[in-house]
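Me: Before I use this model, I want to know what stands behind each label put on it. Please set the values against the cut-offs.

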Amino acid sequence: MILLSHSPDVFPKVPKEVNLTLSGHVHGGQVRLPLIGALIVPSKYRDKYSQGLIEEKGKQMIVTKGIGNSILNVRFNCVPEIVVIEFE
């Protein structure tokens with residue numbers, strides 16, 4: 001079972017029956033400073049669910065950084081991406 005959610009903030013409440021959650025919304029933080037991380041992440045969990053594969057309590061979620069931006073028309077140290085998932 002795959003769950004599509006605009007925001008990764010739903011992840012802690014996703015039932016274990018869901019095999020994979022796919023999300024975006026936070027754009028990877030858009031502006032990421034070395035040693036500090038993302039400056040602004042539109043999530044109550046801040047940088048915790050901002051990008052990549054997250055594995056927690058037997059669940060998996062992929063959060064893509066996407067190709068666009070939000071609020072500011074800038075990206076720094078946060079390369080845009082399109083994620084391709086192959087199922088076998």
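**Sheet, rings and core**

Reply: Four strands make up an open sheet with mixed pairing, in the order β1-β2-β6-β5. Its edge strands are β1 (2–5) and β5, each of which pairs on one side only. Averaged over neighbouring strands of this sheet, the turn against each other is 20°, direction ignored; axes here are lines fitted to C-alpha atoms, for helices over the stretch in contact, with angles from 0 to 180 degrees between N-to-C directions. The model is predicted: local features need pLDDT of at least 70, side-chain atom pairs count only at pLDDT 80 or more, and totals for chains, interfaces and linings use all residues. Residues are numbered from 1 along each chain as its sequence is written, and side-chain values use heavy atoms, with hydrogens and water left out.

Me: What makes β5 and β6 a pair of strands?

Reply: Strands are DSSP runs (E, at least two residues; helices are H or I, at least four), numbered from the N terminus. Two of them pair if DSSP finds at least two bridges between them. Between β5 (residues 52–56) and β6 (residues 59–63) there are 5 bridges, so the criterion is met, and the two run antiparallel. One of the bridges has Leu53 opposite Ile62. The hairpin leaves 2 residues between the strands, and Lys57 has a positive phi near 50° there.

Me: Why is the sheet called mixed?

Reply: Strands of a sheet pair through backbone hydrogen bonds, either parallel or antiparallel. Here β1 and β2 (residues 20–23) run parallel, joined by 4 bridges, among them Leu4 with Leu22 and Ser5 with Ser23. The pairing of β2 with β6 is also parallel, over 3 bridges, and Leu22 has Ile62 as its partner in β6. The β5 and β6 pair is antiparallel.

Me: How do you know that Phe11 and Tyr49 are an aromatic pair, and which kind is it?

Reply: Rings of Phe, Tyr and Trp (its six-membered ring) pair if their centres lie within 6.5 Å; planes under 30 degrees apart are stacked, over 60 edge-to-face, and the rest tilted. With 5.7 Å centre to centre and 85° between the planes, Phe11 and Tyr49 therefore count as an edge-to-face pair. Phe11 lies in the loop between β1 and β2, Tyr49 in the loop between β4 (37–38) and β5, 38 residues apart. Together with Tyr45 they form one aromatic cluster.

Me: What puts Lys59 over the face of Phe11?

Reply: The rule asks for NZ of Lys or CZ of Arg within 6 Å of the ring centre and within 35 degrees of the ring normal. Lys59 is at 4.9 Å from the ring centre of Phe11 and is assigned to its face.

Me: Why are Phe11, Tyr49 and Ala38 called buried?

Reply: Buried means under 20% relative accessible area, exposed over 50%, partly exposed in between (1.4 Å probe, protein chains only). Phe11 is at 0% and therefore buried; Tyr49, at 1%, is buried too. Ala38 has 8%, so the label holds there as well.

Me: What makes a nonpolar core, and which residues are in the largest one?

Reply: Such a core is a set of buried Ala, Val, Leu, Ile, Met, Phe, Trp, Tyr and Cys residues joined through side-chain atoms within 4.5 Å. The largest has 10 residues: Phe11, Val14, Val18, Val26, Ala38, Val41, Tyr49, Ile54, Met61 and Val63.
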